[in-house]
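Let's take a walk through this structure together. Have a look at it first, and then we'll go piece by piece.

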Amino acid sequence: MYSKFFLIFLFSLFASSTVSQECNHLITGVVRDAQTGEEIPYASVLISEYSKGAVTNDAGIFVISHVCDTSFTLTVSFLGYEVYENLVSVSNDQSIVVELIADSKKINDVTVTAGWLSATERLSQRIGDEQIQYDVNESLANMLESLSGVSSLKSGGGIAKPVVQGLYGNRLPILNNGVAQSGQQWGNDHSPEIDPIVANTISVISGVHAMEYQGRSLGNMVLVEAKPIRRHHLLSGKAGYFFESNGRGNGVNLALQKYDPTLAWKVNGTLKKRGDQHAADYYLTNTGIEEANVALQLEKVINDRWSLDAMLSSFNTQIGVLRGSHIGNLTDLEEALERDVPFYTNDYFSYDINAPRQTVAHHLVKLQAKYFKDDHTWVNIVYATQLNNRKEYDVKRLGRSEVPSLSLQQFTHFIEAKYSRPVFNAWRLKTGLQFNFIDNSNDPETGILPLIPDYYSYEMGSFATFSKHIKRWYLQIGGRYDYQMQNVAAISNSIPREIIRYNNHFHSYKIGIDSRYFTSSTTEIIGSLGIASRNPEVNEFYSNGLHQGVGGIEEGDPDLVKESAIKGSISINSAISSKLQIESSVYSQYIEDYIYLQPQDEIRLTIRGAFPVFKYEQANASIIGADIMAHYHISENIKFSGQYSYLRGNNLSDDVPLINMPSNSFSTSLRYTKEKIVFIDKLSLDISQRYVYQQSHLLPEQDFTEPPEAYNLLGFQLTAQNQIKQMKVNSFIRVDNLLNVSYRDYLNRMRYFADDLGMNVVIGLNLSF
Amino acid sequence: MKSTSIYLAGLVIAFIALTSCEKDDPIIPHEEELITSLIYTLSPVGVGETVVLSFKDLDGDNGNSPIISKGLLKANTRYTGAMELLNELEEPVHNITDEILEEAEDHQFFFTSTVNDLQVLYSDSDMNGNPLGIKTQLATQGEGTGVLKIILRHEPDKFADGVADGDITNAGGETDIEVIFEIDVQ
């Protein structure tokens, strides 16, 4: 025991000799089990204020360099333990002892998952409170874009869904507090109905870790989670306000919470309103958005063994779709492509939202009970229900614009039981059973034949994962099986209209292994290999009709088979010196029977003219990519960061590129931080640049028009933190597209019609009390 | 172990019981937005045979191909044109021409032909004095063959350059109808 403290002492000595400047502290500490006193290796340690982290070594010791203040919030997490979060202050000759409590009262699963990711990985694959606070005006998908390997598929400024390593939509489930977000994931113009401010942690997970969740992924998942209520016995909270110049948007957020073991509660509400956005040179008429969300979290500890919690949330939004993007047929599209400024562009600003528009309401109720048999064995039971109500309005005759063209309702019920205990020789087993029921219905109020039919879907799945630390290795192996039944009731194309029924049964599997090897306390190598299969979704089978948003006729194929994928990846995360950190990863995925929308040679003649026909087809595909990220501390106050992403998707069967794959990009940023400057406690200034290449890996016949040219955007951000008595005041100003560049992005469908967003100045204020 | 088996068996039974439910029959919507038929009746001024150009797609966008008639017109003749739009899927047949008339300012038909000297002129107008195209005059001159294209635009800019004269170039809006008839002028 003493020898370990001696080691820490040595570390400190070493540190103080190399880093002698003031305000350039080295933080050291040891992480132990509170009960046994045993050191915990590979626990992740994070200083949230600086997004700095480390992993404890074999002896449970961690070292974090370049810390500018000796008081900070320290978060320590490890599998099977409660997350330790505390405001600590240390002086130079002192180190921290963190005692983790075995996860006996911890309710939320996020603590367990967090322990499975090392601190370095978490830096790049996770977005926390602080960043969400500065990106408060953005949607979930846009926030995720700052992670390496993540981009977003957009339909204008208000609609965006995340793309992770080339996969999105049906292949990328989004888990809202552990429950697969239900909704109309199939549409590229349907963004996930989640308020990122309510959910204060967003992360991308992959490999074996992702196997414990139900959702039809081919590897990656997006986790959106509300942190457990802070162990703070007084009423505390947060209030925030922002204004954005582009669209003259305003937003307010208020969160209040109080912790008490008998009943802890947290309530969070958000209101947002924005009008027409502006491209570099003109207004984007009808691109306003309105949002009102509320969420309630409850936690109750019954006794040492039982705890309960509940989450209720309601998300409500109305989104305008660029008026000029509403087209009739192929001729209209060709005409739109010819224009510099879209049709129906007003030369004035307005908050009005008219057709085409979407209104979506999403409600979630989640109840969870956790039972601890002993310190290492627990059972977790969840019931969740969701209601998703989506209406899309088109421009119609005789005031029928008030009648939706698409009106879908989706109910889901989800039941889950998870169980974890140590097995064999110190392996940890995690296993579970999940059942999910979806009821998807079209409301006939539309007066239009539905694009996707009504259906029931029943899913039952089971998984088991094993994990263990062996010396410098951390191993995880796991498998998952899902059975799905689809009961579909479609309406025929032929007249008289009649009901056609389909019953489908599927079995899908996942198997994977992840290994993490720590070559030293500063370098880790992560290797991952997995296979997965995915059923065709109802839209891929039975889509039928005109997809107004896409201006094409979409046809499903009832004879599709499931797609199977194998994916391998290697990541190396290393702190080469105290000044340089590098995170890099390469991945390769082969997908057999990849389902995609193939434009057909046929042009369908209708009374409204000719339409292109898209049919769901299958081919073997491959996606390979690499992401690299580096941080270099030029001096104690200045940090340089760089990031590069490469991705290439190919349809191997037809020897052509895959469509809708993200362009390669690189970004750099320079951050200056300073403590105690004038009246500001902590100031940080960021200048950033992001260059997106043209998507050149595409054949001319694969799209209506050439992919947009490469572009480069500059950004600027200034943040200031002040502590006024018990209140923490955070203010920021951020400028996106600083030079007001006019550009179009390949993954934004609006590119056919209009330029992307011009300069946006966002100012915000946050009070924590 | 025994309790686990019972538990699992119970789950399987519950699952089978639940999955035996069938989704209810969906209500087939009244397809009131649909236009199935366009009928352009050309009555010669004076003597001659009435010509009916019709485009009918009775089952909507998908399913069977539309039935399109051909037009046999007389050379050097003036016709009075009347446009009729129907939704023949509804019972009784829904007349969409009335809806267009009611929203005349938001609609306009455009006529273009590849037949030499075939001309279509508007003989109606909306509240603002701009043409609509439900009522037209069609005049032929010499013999020839080609096509007549009829386009209906919803929310065009009817005040834009040339639009009132039947030039679609600056009209914008979205296409509600676009049909092409083969024409033979003899």
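**A sheet, a contact and two domains**

Start in chain B, where strand 10 (residues 144–154) runs antiparallel to strand 11, the two being paired over 11 bridges. Keep in mind that what you're looking at is a predicted model. If you'd like one spot to pin this pairing down, find B:Arg153: its bridge partner in strand 11 of chain B is B:Thr175.

Now zoom out a little. Those two strands belong to an open sheet of 4 strands in chain B, with the order 4-11-10-7 and mixed pairing. At the edges sit strand 4 (71–73) and strand 7 (107–113) of chain B, each of which pairs on one side only. Going from one strand to the next, the twist averages 30 degrees.

Next, turn to the place where the two chains meet. Chain B brings 41 residues to the contact, and chain A brings 44. Which parts of chain B supply at least two residues each to the side that touches chain A? They are helix 1 (2–19), helix 2 (97–102) and strand 11 (174–185) of chain B. Strand 11 of chain B gives the largest share of that side, with 6 residues. By type, the residues on the side of chain B that touches chain A split into 16 nonpolar, 16 charged and 9 polar.

Finally, hop over to chain A. Its domain assignment gives domain 1 (2–102) and domain 2, which is made up of 124–229 + 239–768. How far apart do the C-alpha centres of these two domains of chain A lie? The answer is 34 Å.

Terms used
Residues numbered from 1 in each chain as written. Chains lettered and ligands numbered in written order. Predicted model: local features only at pLDDT ≥ 70, side-chain atom pairs only at ≥ 80, totals over all residues. Domains from an automatic or database assignment. Contact = placed C-beta atoms within 7 Å. Nonpolar A, V, L, I, M, F, W, Y, C, P; charged D, E, K, R; others polar. Pairing = 2+ DSSP bridges. Axes fitted to C-alpha atoms, helices over the stretch in contact; angles between N-to-C directions.
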